[in-house]
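Here's a set of short exercises to work through with the model open in your viewer. Try each task before you read its solution.

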Amino acid sequence: MKLEPIASPMLSEDVWRAKLPSGLELTVGRKADHARSFGILSTEYGSIDGDFRVNGTEHRVPDGVAHFLEHKLFEKEDGDVSDRFHQLGADTNAATSYTTTSYLFSCSDRFEPCLDLLIDFVLVPHFTEEGVAKEQGIIAQEINMYQDHPDYRLFTNLLGALYAEHPVRVDIAGTLESIAKIDAETLYTCHRTFYHPSNMALVVVGPKDPEAVLEQVAARLEYLAIPDATPVERVLPNEPLAVARHEIAELRTVSRPRVAIGFKAAAQEPPTGAESLRSNVAFAIAMELAFGRSSPAHHDLYERGIIDESFSFSQASERGFAFAALGGETEEPETFQKELLSVIEGCQTKGLDSGGFARARNRYLGAYVRSFDSVEACAHTYLNAFHRKVSPFSVYEIVDSLELGEVEQALRDRIDLSDYAVSEILPAAS
């Protein structure tokens, strides 16, 4: 067990990585000129991992367990862990996505007790049926709150239209019906299965000596006496390539219509590695060229009032799913759809502007380089690299070597104009 440096061409970042005997992947970014430290402990376990096999036994747990588990890990016999971080002068938070759950803290001093506390509270659970029942009420309120948010409804409805079987179509928090089925035994089963260090990564960025961090983490894991990992097989349904529904509209108390257009792409297998990352970067630059704020299409649509500051676009490519989405508020939903589709068709058939490509690539690279000025952004970059199974500095090399033809091909591969879904939130009649 020893730290190995990670080469950072052109960036001169001081980054080290080690794999501990328990299987935990540790990354330490040393920034001697920064006052704050930032730590993230993350597991490859998210909302889509509700169906799995352990030692031949199949488990199908209720939707929302990963998010529920994230909440409950903060509760211990002696109180809420957040209070203990605050007593140490640190901030803490957590987040659950479709494929991961992460716990973090930031502090200016007392780093060592904060790091021990992070490891302890995430790896050592304490669940009771009474605590679970209390949390069900809290998360039910959270679900209801988001259900009343029009932009959230716009996006979740879009995923429901795109996907027929894949669990990405289900809210990360689950439903009122599903969380009512969660009990302490279910939480212990999922924690035991997915919260083993061999399925996790720890990232620390700040003015800390990498060797000292490694020694502290190794000692803490040895103290906790984590048992050996049990192999787990994740089970995902077979998802048709075609969208499940072409249109979905919902009436809400909103002042202006909201529209989102989604394009379902074939899931990358595997969704990790340099080739997958290159495809994602190429597509991101393609969308920037087509719809970015400096693009001719964006300027034209904005000047004509078809789009406004709310317009955005995004992509996702994870285990078993990949999609692109664009949308925003508009007074003319039909024109909005027609014009955006027309822009994509033009880019796919006529190609993208070569001069714009050089500028878009430089902007992407500039934003990437500037992100290393922040310990938080660095930590997330290193964590994403772990989950993507790539070097944290692959992006620089990829963007630097991308060619226009690759970017144009990515736009054609990811967007099928013959099969897409539209989600609308429309003003209810007063």
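Two strands count as paired if DSSP finds at least two bridges between them. Keep in mind that this is a predicted model.

**Exercise 1. Work out how β2 and β3 pair, and place them in their sheet.**

Step 1. Start with strand β2, residues 14-19: β2 and β3 run antiparallel, with 6 bridges between them. That clears the cut-off of at least two bridges.

Step 2. Pick one bridge to check by eye. Arg 17 has Thr 27 in β3 as its bridge partner.

Step 3. Now zoom out to the sheet. It's an open sheet of 7 strands with mixed pairing, and the order reads β1-β2-β3-β11-β4-β10-β9. At the edges sit β1 (4-5) and β9 (91-96), each paired on one side only.

**Exercise 2. Find the partners of strand β17 and say how each one runs.**

Step 1. Locate β17 at residues 421-427 and check its burial: 5 of its 7 residues are buried, so call the strand mostly covered.

Step 2. Take β13. It pairs with β17 in the parallel sense over 6 bridges, and Ile 248 has Ser 423 in β17 as its bridge partner.

Step 3. Take β14. It runs antiparallel to β17, and 5 bridges join the two. Here Ile 261 stands opposite Val 422 in β17.

**Exercise 3. Three salt bridges to inspect: which parts of the chain do they link, and are their residues buried or partly exposed?**

Step 1. Recall the idea: side chains of opposite charge can pair when their charged atoms come close. The structure holds 29 salt bridges, and the cut-off is a nitrogen-to-oxygen distance within 4 Å.

Step 2. Go to Arg 30 and Asp 209, whose side chains meet at 3.4 Å, N to O. Arg 30 is in strand β3 (residues 25-30) and Asp 209 is in the loop between β11 and α8 (210-224), so this pair ties together parts that are 179 residues apart in sequence. Arg 30 has 30% relative accessibility and counts as partly exposed; Asp 209, at 38%, is partly exposed too.

Step 3. Next, try Glu 58 and Arg 53, which form a salt bridge at 3.5 Å, N to O. Glu 58 is partly exposed at 45% relative accessibility, and Arg 53 is partly exposed with 28%.

Step 4. Finish with Arg 256 and Glu 329, which meet at 3.4 Å, N to O. This pair links distant parts of the chain, 73 residues apart: Arg 256 is in the loop between β13 (247-252) and β14 (258-265), while Glu 329 belongs to strand β16 (residues 321-329). Arg 256 and Glu 329 are both buried.

Step 5. Follow that last pair outwards. Arg 256 and Glu 329 belong to a network of salt bridges that also links Asp 151, Arg 258, Asp 308 and Glu 331.

**Exercise 4. Sort the residues of helix α10 into a buried side and an exposed side.**

Step 1. Use the helix geometry: an α-helix has 3.6 residues a turn, so residues three or four places apart point the same way.

Step 2. List the buried residues of α10 (residues 296-303): Ala 297, His 298 and Leu 301. They cover an arc of only 95° around the axis, which puts them on the same side of α10.

Step 3. Turn to the other side of α10, where Pro 296, His 299 and Glu 303 are exposed.

**Exercise 5. Compare what lines the largest cavity with what lines the second largest.**

Step 1. Count the cavities: there are 3 of 30 Å³ or more.

Step 2. Take the largest cavity, with about 50 Å³ of space. Its lining includes Tyr 45, Asp 49, Arg 60, Pro 62 and Asp 63. By class, that lining has 5 nonpolar, 4 polar and 3 charged residues.

Step 3. Now the second largest cavity, at about 40 Å³. Leu 24, Leu 41, Ile 119, Leu 123, Pro 197, Met 200, Leu 202 and Leu 221 line it. The elements giving two or more residues to this lining are α3 (111-123) and β11 (200-206).

Step 4. Sort the second lining by class: 8 nonpolar, no polar and no charged residues. Set that beside the lining of the largest cavity, with its 4 polar and 3 charged residues.

Definitions and conventions:
Residues are numbered from 1 along each chain as its sequence is written. This is a predicted model: local features need pLDDT of at least 70, side-chain atom pairs count only at pLDDT 80 or more; totals for chains, interfaces and linings use all residues. Side-chain values use heavy atoms; hydrogens and water are left out. On a 1 Å grid over the protein atoms alone, a cavity is a set of points where a 1.4 Å probe fits but cannot get out, and a pocket is an open set with protein on both sides within 12 Å along at least five of seven lines; lining residues have an atom within 4 Å of a point. Grid points are joined across faces, edges and corners, and a volume is the space filled by probe spheres set on the points. Ala, Val, Leu, Ile, Met, Phe, Trp, Tyr, Cys and Pro count as nonpolar, Asp, Glu, Lys and Arg as charged, and the others, Gly among them, as polar. Helices (H or I, at least four residues) and strands (E, at least two) are DSSP runs, numbered from the N terminus. Buried means under 20% relative accessible area, exposed over 50%, partly exposed in between (1.4 Å probe, protein chains only). The arc is that of the directions from the helix axis to the C-beta atoms.
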